[in-house]
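Work through the exercises below with the sequence and the coordinates open. Each task is followed by a solution in steps.

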Amino acid sequence: DTPEEIERKIKVHAFSGGQETKKLQEELGADLDVDVSYQWLRFFLEDDEELERIGSEYGSGSGEFWSTGKVKAKLVQVLKDLVSEHQARRDDVTEEVVKEWMRER
C-alpha cells in the first residue's frame with residue numbers, strides 16, 4: 001500500500017472505541033478493548049512506555065492522545081514507517097538473492 005492508502009484505510013475502516021462527542025470522551029474515555037487502532041499499536045509500536053501513555057490518556061479522555069483522531073494518526077505514522085522499511089528491503093531482493101535462499105543445502 002502507498003502511504004496515502006494506509007492513511008485512508010485507517011481513518012475510514014479502523015473501528016473506534018472512542019465516545020460520540022468530545023464531552024463524553026473527556027468524561028468516559030475510550031474503550032481500549034474494542035478500539036482497532038489502539039489494538040494495532042499494541043503490536044506495532046516498539047516503545048512500551050509510549051504505548052502505556054497512549055492507553056492511559058486515550059482511556060481517560062485526557063492528555064495528548066485524548067481522541068480517536070490522535071490515536072489513529074499515531075497508528076498511521078507507525079504503519080507508514082513500517083511498510084516503507086519493508087518495501088525498501090523488498091526492493092533490495094534480487095533474483096540472485098532468491099536463488100541463494102531457495103538452493104538446496
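Patches are made of residues with over 30% relative accessible area and no salt bridge; like charges are joined within 9 Å, and nonpolar side chains (Val, Leu, Ile, Met, Phe, Trp, Tyr) within 5 Å. Accessible areas come from the Shrake-Rupley method with a 1.4 Å probe, and for residues only the protein chains shown count as cover. A salt bridge is a side-chain nitrogen of Lys or Arg within 4 Å of a carboxyl oxygen of Asp or Glu.

The model is predicted: local features need pLDDT of at least 70, side-chain atom pairs count only at pLDDT 80 or more, and totals for chains, interfaces and linings use all residues. Residues are numbered from 1 along each chain as its sequence is written, and side-chain values use heavy atoms, with hydrogens and water left out.

**Exercise 1.** Find the residues that make a nonpolar surface patch of about 530 Å², and place Val97.

Step 1. The patch consists of Val93, Val97, Val98, Trp101 and Met102.
Step 2. Val97 belongs to helix α6, residues 95-102. Helices here are DSSP runs (H or I, at least four residues), numbered from the N terminus.
Step 3. With a relative accessible area of 31%, Val97 is partly exposed. The classes are buried under 20%, exposed over 50% and partly exposed in between (1.4 Å probe, protein chains only).

**Exercise 2.** Describe how α3 and α1 pack on α5.

Step 1. Axes are lines fitted to C-alpha atoms, for helices over the stretch in contact, and angles run from 0 to 180 degrees between N-to-C directions. Helix α3 (residues 36-44) packs against α5 (residues 68-91) at about 40 degrees, the axes being 9 Å apart.
Step 2. The crossing of α3 and α5 is left-handed: the near helix is turned anticlockwise from the far one by less than a right angle, whereas clockwise would make it right-handed.
Step 3. On the α3 side the meeting residues are Ser37, Tyr38, Trp40, Leu41 and Phe44; those they meet in α5 include Val71, Leu75 and Leu82. Contact means heavy atoms within 4.5 Å.
Step 4. For α1 (residues 3-13) and α5 the angle is about 145 degrees, with the axes 9 Å apart, and the crossing is right-handed. Pro3, Ile6, Glu7, Ile10 and Lys11 of α1 make this contact with α5 residues, among them Lys72, Leu75 and Lys80.

**Exercise 3.** How many salt bridges are there, and which residues form a network?

Step 1. Side chains of opposite charge can pair when their charged atoms come close.
Step 2. The count is ten.
Step 3. Glu7, Lys11 and Lys80 are linked in a network.
Step 4. Asp1 pairs with Lys9 at 2.8 Å between the closest N and O atoms. Asp1 is partly exposed at 47%, and Lys9 is partly exposed at 34%.
Step 5. Arg53 pairs with Glu64, the closest N and O atoms being 3.3 Å apart. Arg53 is in α4 (residues 48-60) and Glu64 in the loop between α4 and α5, so this bridge ties together parts eleven residues apart in sequence.
Step 6. Arg89 and Glu85 meet at 3.7 Å, N to O. Both lie in α5, four residues apart, about one turn of the helix.

**Exercise 4.** Is Thr68 buried or exposed, and which residues does Thr68 contact beyond its neighbours within four places in sequence?

Step 1. Thr68 is in α5 and is buried, at 18% relative accessible area.
Step 2. The contacts of Thr68 beyond those neighbours are Ser16, Gly18 and Tyr58.
Step 3. Thr68 and Gln19 are 49 residues apart in sequence and 8.6 Å apart in space, C-alpha to C-alpha.

Definitions and conventions: Helix = DSSP H or I, 4+ residues; strand = E, 2+ residues; numbered from the N terminus.
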